[in-house]
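Biologist: I am new to this structure and would appreciate a close look at one part of it. Please begin with a single residue, and then describe the helices and aromatic rings in turn.

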Amino acid sequence: MTANLSRRVVAEAIGTAFLLATLVGSGIMGERLAGGNVAITLLANSIATGTALTALILTLGPISGAHFNPAVTISCAAQRELKWRDAVGYIVAQIGGAFAGVAAANLMFGDPPLFVSHRARNGGAQLFSEFVATVGLLLVIGMGARLQPRFVAFAVGAYITAAYWFTASTSFANPAVTLGRSVSDTFVGIRPVDVPAFVLAQLCGATAATFLLRWLIPKSPLRSSDG
């Protein structure tokens with residue numbers, strides 16, 4: 001039985017908070033322990049994020065669908081798998097959860113709860129990377145949920161881990177994640193000035209993926225999703 005909206009919204013907030021806490025916290029830990037080796041830091045960050053995401057989808061997916069991502073939520077609403085008024089609640093919860101998760105990670109490592117990032121992430125290559133990363137993520141979610149629903153959590157976690165490495169932007173692919181990372185001046189941060197372009201690229205990627213899903217597998221419901 002589908003959980004009521006309040007439970008689903010809380011599940012989205014919790015899941016997004018833990019996703020950001022993992023992403024930011026593992027980035028800080030990796031940077032402090034890697035002795036300046038950026039590759040090792042990125043490896044630690046990608047493995048921690050991918051595995052935590054898998055666990056969060058398996059745990060919270062039965063309650064809310066485990067979107068943890070406004071792009072996923074908008075795609076679901078566009079495909080009439082989620083009411084638009086419910087989608088608004090999801091998105092607010094995801095953004096709020098993202099900031100809460102970043103604050104928790106920053107505090108755990110002795111930093112201010114929220115402090116503006118100065119890490120530049122801009123340029124055409126980075127924006128195209130975000131478009132590609134988001135298209136890929138939504139295709140993995142959508143097609144996995146329709147064709148291999150038992151394995152979608154593992155597919156999403158594996159994709160995110162890989163996308164850290166094959167995209168120039170390290171695959172944010174999530175507007176809530178992008179906003180949250182703007183208030184952590186650490187390895188995973190992004191300058192606030194770079195956020196709007198990243199979010200636009202992600203939304204364009206989500207739009208492209210939604211149309212592609214409709215064409216590849218018409219009239220088949222999207223039953224599960226991620227972040």
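Modeller: Ala145 counts as buried because its relative accessible area is 0%, and a residue is called buried under 20%. The model in which this value was computed is a predicted one. Ala145 belongs to helix α5. Along the sequence Ala145 is separated from Ala104 by 41 residues, and in space their C-alpha atoms are 31 Å apart.

Helix α5 is one of the elements against which the buried residues of α3 pack; the others are α4, α7 and α8. Helix α3 itself, residues 70–78, is mostly covered, with seven of its nine residues buried. These seven are Pro70, Ala71, Val72, Thr73, Ser75, Cys76 and Ala77.

The packing of α3 on α8 can be described further. In general, two packed helices are described by the angle between their axes and by the distance between those axes. For α3 and α8, the axes come within 10 Å and cross at roughly 40 degrees. This crossing of α3 and α8 is right-handed. On the α3 side the residues that meet α8 are Ala71, Ile74, Ser75 and Ala78, and on the α8 side they are Leu203, Ala206, Thr210 and Arg214. Thr207 is another residue of helix α8. The C-alpha atom of Thr207 is separated by 8.8 Å from that of Ile74, although their positions lie 133 residues apart along the chain. Thr207 has a relative accessibility of 42% and therefore counts as partly exposed.

Arg214 also appears in a second setting, where it lies over the face of Phe211, at 5.8 Å from the ring centre.

The loop that leads from α2 (38–64) to α3 contains Ala66. Phi of Ala66 is near 55 degrees, a positive value in a residue other than glycine. Ala66 counts as buried because its relative accessibility is 0%.

The aromatic rings come next. A search of the whole structure yields three aromatic pairs. One of them is formed by Phe128 and Phe131, which are stacked, at 6.5 Å centre to centre and with 15 degrees between the planes. Both residues lie in helix α5, three residues apart, about one turn of the helix. Phe128 has a relative accessibility of 56%, so it counts as exposed, whereas Phe131, at 28%, counts as partly exposed.

Another aromatic pair consists of Phe172 and Phe198: the ring centres are 5.1 Å apart and the planes stand at 70 degrees, so this pair is edge-to-face. This pair links distant parts of the chain, for Phe172 sits in the loop between α6 (152–166) and α7 (175–181) while Phe198 sits in helix α8 (residues 195–216), 26 residues apart. Both are buried: Phe172 has a relative accessibility of 3%, and Phe198 has a relative accessible area of 0%. Arg181 lies over the face of Phe172, at 3.6 Å from the ring centre.

The loop between α6 and α7 also holds Ala173. Ala173 has a phi near 55 degrees, a positive value in a residue other than glycine. At a relative accessibility of 0%, Ala173 counts as buried.

Gly110 is placed in the loop between α4 (84–108) and α5 (124–147). With a relative accessible area of 65%, Gly110 is exposed. Gly110 and Gln79 are 31 residues apart in sequence, and their C-alpha atoms are 43 Å apart in space.

Helix α1 completes the description. It comprises 29 residues, 5–33, which at 1.5 Å a residue should span 42 Å; the end C-alpha atoms are 41 Å apart, which agrees. Just after α1, Gly35 adopts a positive phi of about 60 degrees.

Key
Residues numbered from 1 in each chain as written. Predicted model: local features only at pLDDT ≥ 70, side-chain atom pairs only at ≥ 80, totals over all residues. Heavy atoms only, no water. Helix = DSSP H or I, 4+ residues; strand = E, 2+ residues; numbered from the N terminus. Buried < 20%, exposed > 50% of the residue type's maximum accessible area, 1.4 Å probe, protein only. Phe/Tyr/Trp six-rings, centres within 6.5 Å; stacked < 30°, edge-to-face > 60°. Lys NZ or Arg CZ within 6 Å of the ring centre and 35° of its normal. Expected span 1.5 Å × (residues − 1). Axes fitted to C-alpha atoms, helices over the stretch in contact; angles between N-to-C directions. Left-handed = near helix turned anticlockwise from the far one by under 90°. Contact = heavy atoms within 4.5 Å.
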